[in-house]
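Trainee: Before we talk, could you put the model on the screen, so that I can ask about the ligand and then about the core?

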Amino acid sequence: MQKIAFITGASSGIGQAIARSLAEHFALIICGRRIERLQELKNELSAKTEVQILTFDVGSKAEVDAAIESLPTEWQKIHTLVNNAGNAHGRAPLHEGDVNDWEAMIDSNLKGLLYVTRAILPGMVERKIGDVVNISSIAGKEAYENGNVYCASKFGVDALTKSMRQELVQHNIRAMSVNPGLVNTEFSMVRFKGDEDQAESVYKGMEPLLAEDIADVVQFAVTRPAHVNLADVTVLARSQASATKVHKNN
Ligand code: 8X3
């Protein structure tokens with residue numbers, strides 16, 4: 001069998017695009033909560049590669065462990081882990097923040113990444129081979145107004161990737177982070193709880209990145225020769241200079 005890539009949050013957006021682009025190089029384990037969407041993606045990609053579906057909530061350690069243990073033995077030798085699952089919920093000053101939103105972000109962006117990585121990494125360490133790609137954000141590099149808990153969760157991802165790189169270097173495992181800026185996916189619709197006007201205004205007057213642009217970078221990173229580690233890559237749209245500086249044509 002080909003090398004195996006395990007992608008979380010593969011049912012939409014950046015994760016789905018990563019699955020499509022890695023199908024050329026890997027057998028895939030695509031993970032998410034929405035089985036119908038994963039099934040459609042599997043149908044699409046099965047002509048190119050072998051695909052397994054796992055449905056679980058990354059925020060539940062019991063579900064993560066049970067799902068990974070349910071894989072046939074030959075599928076448990078995961079070479080490339082892409083920790084993509086995560087989201088933003090709400091955009092408000094901390095003093096008006098909704099605790100449920102905070103918990104949702106901490107559960108998926110931080111705890112989810114930890115649970116999945118904790119389950120998969122020991123096998124990589126034992127085999128002394130593997131790649132971990134954490135999809136972070138420009139929000140993991142720069143905090144911005146009303147970003148508070150989302151930024152904190154992504155700063156956490158940044159710290160985890162940096163620690164992992166130190167811990168894994170002796171085991172020949174590459175830990176990388178890809179940090180997107182504005183990408184036109186369902187991200188803003190989720191952040192603004194389905195408010196289309198607010199979601200659209202984020203990308204209005206500028207050309208945001210597409211999910212495929214991030215998938216290209218991930219594919220490039222994981223197909224570098226083994227001695228190369230694309231450790232930390234921030235990817236912005238041409239008209240975005242920083243988390244808060246976006247040039248818009250009105
Ligand atoms: C998403 C990018 O700029 O909304 O992680 O924080 S941003």
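Trainee: How far from an oxygen atom of the ligand does a polar side-chain atom of Tyr144 lie?
Mentor: This is a predicted model, where local features need pLDDT of at least 70 and side-chain atom pairs count only at pLDDT 80 or more, while totals for chains, interfaces and linings use all residues. Residues are numbered from 1 along each chain as its sequence is written, and side-chain values use heavy atoms, with hydrogens and water left out. A polar contact is a pair of N or O atoms within 3.5 Å, and for Tyr144 the separation from a ligand oxygen is 2.5 Å.

Trainee: How much of the ligand's area does the protein bury?
Mentor: Accessible areas come from the Shrake-Rupley method with a 1.4 Å probe. Taken alone, the ligand exposes 250 Å², and the share of this that the protein buries is 91%.

Trainee: Which charged residue is in the shell around the ligand?
Mentor: The shell, meaning residues with a heavy atom within 4 Å, divides into five nonpolar, two polar and one charged. Since Asp, Glu, Lys and Arg count as charged, the residue in question is Arg191.

Trainee: Which helix gives the largest share of the largest nonpolar core?
Mentor: Such a core joins buried Ala, Val, Leu, Ile, Met, Phe, Trp, Tyr and Cys residues through side-chain atoms within 4.5 Å, buried being under 20% relative accessible area with a 1.4 Å probe, protein chains only. This core has 39 residues, with Ile18, Leu22, Leu28 and Ile30 making the most contacts inside it. Its largest share, seven residues, comes from the helix (a DSSP run of H or I, at least four residues) at residues 211–222, namely H8.

Notes:
Buried < 20%, exposed > 50% of the residue type's maximum accessible area, 1.4 Å probe, protein only. Helix = DSSP H or I, 4+ residues; strand = E, 2+ residues; numbered from the N terminus. Polar contact = N/O pair within 3.5 Å; in protein donor to acceptor, adjacent residues only side chain to side chain.
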